[in-house]
Amino acid sequence: MKKIRAGVIGVGFIGVAHIEAMRRLGNIDVVAIADPVDGVGKAERLGVPKGYLNYKEMLDKEALDFVHICTPNFTHCEIALYAMDRNVNIICEKPMCVSVEEADRMIAKAKEKGLVNGVNYHNRWYPMTAQLKEMIKAGDLGTIHAIYGEFSQDWLLYDTDYNWRIESAESGRTRAVSDIGTHWMDLVENVTGLKIVEVFADFKILHKTRKKPVSAVETFVSSNTKIEYKEIPVDTEDHANVLMHFSNGAIGSAVFSQIIPGRKAKLAINIAGMKESVTWCCDTCNEMWLGRRGENSQIFEKDPGLLNEKVRVNSGYPGGHGEGFPDAIKNNFRAMYADMGKPGKNPDYATFETGRHELVLCDRILESSRKHEWVKVA
Ligand SMILES: NC(=O)c1ccc[n+]([C@@H]2O[C@H](COP(=O)([O-])OP(=O)(O)OC[C@H]3O[C@@H](n4cnc5c(N)ncnc54)[C@H](O)[C@@H]3O)[C@@H](O)[C@H]2O)c1
């Protein structure tokens with residue numbers, strides 16, 4: 001079998017997850033990675049044949065079919081354009097870039113070149129979320145009238161918590177909303193087939209300044225080394241409460257927060273229809289709660305034999321064998337790679353058009369938080 005040649009740009013937290021998922025697919029050869037921080041050492045440790053410090057050098061030399069962009073948000077557009085000019089298909093991390101203008105340039109280039117353009121909104125690719133989409137399509141829930149939930153984390157609770165995401169120049173004009181809220185919004189829009197058409201948002205910046213380590217603490221700190229910080233201003237939200245109206249008139253609300261103690265990465269959706277309501281949460285991702293008014297509620301546990309035939313491919317293991325975050329990412333990539341040479345117009349995975357839509361939602365939510373009024377999305 002001729003394997004597809006792929007590379008990864010940016011090998012931090014998610015870059016490593018991409019490499020693992022690509023390898024599990026079987027038909028992908030991870031031939032190179034690029035990262036200015038120890039790109040060569042990382043390649044050696046991950047068993048990747050070639051490591052580069054500079055992504056341009058990798059793209060110029062490696063004749064890649066696909067590249068995965070796993071760098072901080074503000075670099076995505078520049079990297080994607082450079083790669084697409086060399087006819088390389090793109091799988092880009094979310095948020096796709098930092099402005100709608102950048103998204104438009106990326107969409108135009110992908111169209112001109114006829115390339116696969118995927119964005120890693122992977123939550124729609126869990127076995128149970130894919131199943132939920134089929135159940136809603138089949139009318140099992142009836143008319144949907146309310147959607148609510150959260151994406152909550154605690155890793156930015158203290159003012160000593162620092163990451164590049166804190167700096168809007170690197171992350172974009174919103175943070176909790178674009179970093180995690182877009183996962184929630186993509187998931188509910190995808191499984192329900194509805195669109196968010198109007199938003200009302202209230203933001204909180206818990207720490208107006210944060211302490212940024214003056215050096216790379218992970219690498220150099222030792223138990224008796226005092227960490228040196230400098231105070232930096234914070235202009236993006238730690239916590240967002242967002243009210244929504246959906247295209248069918250359903251009412252919605254969500255909390256997107258990076259400052260809730262004990263919540264590591266809890267994405268939960270609740271969808272209420274006239275026949276049935278459903279709750280799915282990534283903490284218990286192999287099951288879904290089904291509630292009905294005149295009957296006992298049920299827990300639907302993942303079992304490939306019980307899944308809709310169309311989405312069974314997303315469950316690689318028998319019932320009782322948990323599948324989670326790495327599996328959802330693998331499922332997403334499988335669909336994207338299958339489109340090589342013939343990118344679908346409206347595929348099941350998130351495309352650059354989806355990524356652009358999410359950026360529009362972020363802009364409208366930010367606008368609403370500033371104006372303290374409902375803002376239309378279109
Ligand atoms: N889909 C998901 O669930 C998910 C989860 C985490 C992160 N992400 C997204 O992935 C991206 C990366 O996030 P992360 O958490 O892995 O960050 P990270 O800081 O852990 O890793 C980023 C890596 O990119 C490297 N890098 C920076 N500039 C570069 C450049 N110009 N060329 C090559 N490499 C460069 C850094 O050295 C670092 O190794 C972000 O867009 C983030 O929103 C998505």
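Colleague: Where is Ala63 in the chain?
Modeller: This is a predicted model. Phi of Ala63 is near 45 degrees, a positive value in a residue other than glycine. Ala63 lies in the loop between helix 3 (55–61) and strand 4 (66–69).

Colleague: Does Ala63 count as buried or exposed?
Modeller: A residue is exposed if 12 or fewer other C-beta atoms lie within 10 Å of its own. Ala63 has 11 C-beta neighbours inside 10 Å, so it counts as exposed.

Colleague: Which class of exposure does Asp38 fall into?
Modeller: Asp38 is found in the loop between strand 2 (28–34) and helix 2 (39–46). Its phi is positive, about 60 degrees, although Asp38 is not a glycine. Buried residues need 20 or more neighbours and exposed ones have 12 or fewer. Asp38 has 14 C-beta neighbours inside 10 Å and therefore counts as partly exposed.

Colleague: Which two residues does a cis peptide bond join?
Modeller: Most residues other than glycine have a negative phi, and most peptide bonds are trans. Here a bond with omega of about -20 degrees is cis. One of its partners, Pro95, is found in the loop between strand 5 and helix 5. The cis bond joins Lys94 and Pro95.

Colleague: How compact is the protein chain, judged by its radius of gyration?
Modeller: The chain has 11 helices and 17 strands. The globule rule gives 21 Å for 378 residues, and the radius of gyration is close to that, so the chain is as compact as a globular protein of that length, at 21 Å.

Colleague: What share of the contacts in the protein chain with a separation of 6 or more is between residues 24 or more positions apart?
Modeller: The C-alpha trace spans about 60 × 55 × 45 Å along its principal axes. Buried residues make up 47% of the 378 residues. Among the contacts with a separation of 6 or more, residues 24 or more positions apart account for 70%.

Colleague: Which element gives the most to the side of domain 1 that touches domain 2?
Modeller: The domain assignment gives domain 1 (4–122) and domain 2 (124–376), with 22 Å between their centres. In all, 34 residues of domain 1 are in contact with 35 residues of domain 2. Helix 1, strand 5 (89–92), helix 5 (100–113) and strand 6 (117–119) each supply at least two residues of the domain 1 side. With six residues, the element that gives the most is helix 1.

Colleague: Which helix gives the most to the largest nonpolar core?
Modeller: In soluble globular proteins, nonpolar side chains tend to be buried together. The largest nonpolar core has 98 residues, and those touching the most other members are Val67, Ala80, Ile90, Trp184, Phe256 and Ile365. The top contributor, with eight residues, is helix 8 (residues 176–192).

Colleague: Which residues does Ile90 touch, not counting residues up to four places away in sequence?
Modeller: Ile90 is among the core residues that touch the most other members. With residues up to four places away in sequence left out, Ile90 touches Val67, Ile69, Ala80, Ala83, Met84, Leu115, Val116, Asn117 and Gly118.

Colleague: Which residues around the ligand come nearest?
Modeller: By class, the shell around the ligand has 11 nonpolar, eight polar and four charged residues. Helix 1 (residues 13–25) provides the largest share of the shell, three residues. Of the 23 residues around the ligand, those that come nearest are Gly10, Gly12, Phe13, Ile14 and Glu93.

Definitions and conventions
Residues are numbered from 1 along each chain as its sequence is written. This is a predicted model: local features need pLDDT of at least 70, side-chain atom pairs count only at pLDDT 80 or more; totals for chains, interfaces and linings use all residues. A nonpolar core is a set of buried Ala, Val, Leu, Ile, Met, Phe, Trp, Tyr and Cys residues joined through C-beta atoms within 7 Å. Helices (H or I, at least four residues) and strands (E, at least two) are DSSP runs, numbered from the N terminus. Two residues are in contact if their C-beta atoms, placed from the backbone, lie within 7 Å. A residue is near a molecule or strand if its C-beta atom, placed from the backbone, lies within 6 Å of it. Ala, Val, Leu, Ile, Met, Phe, Trp, Tyr, Cys and Pro count as nonpolar, Asp, Glu, Lys and Arg as charged, and the others, Gly among them, as polar. The radius of gyration is taken over C-alpha atoms; the globule rule is 2.2 Å times the number of residues to the power 0.38. Domain bounds come from an automatic or database domain assignment.
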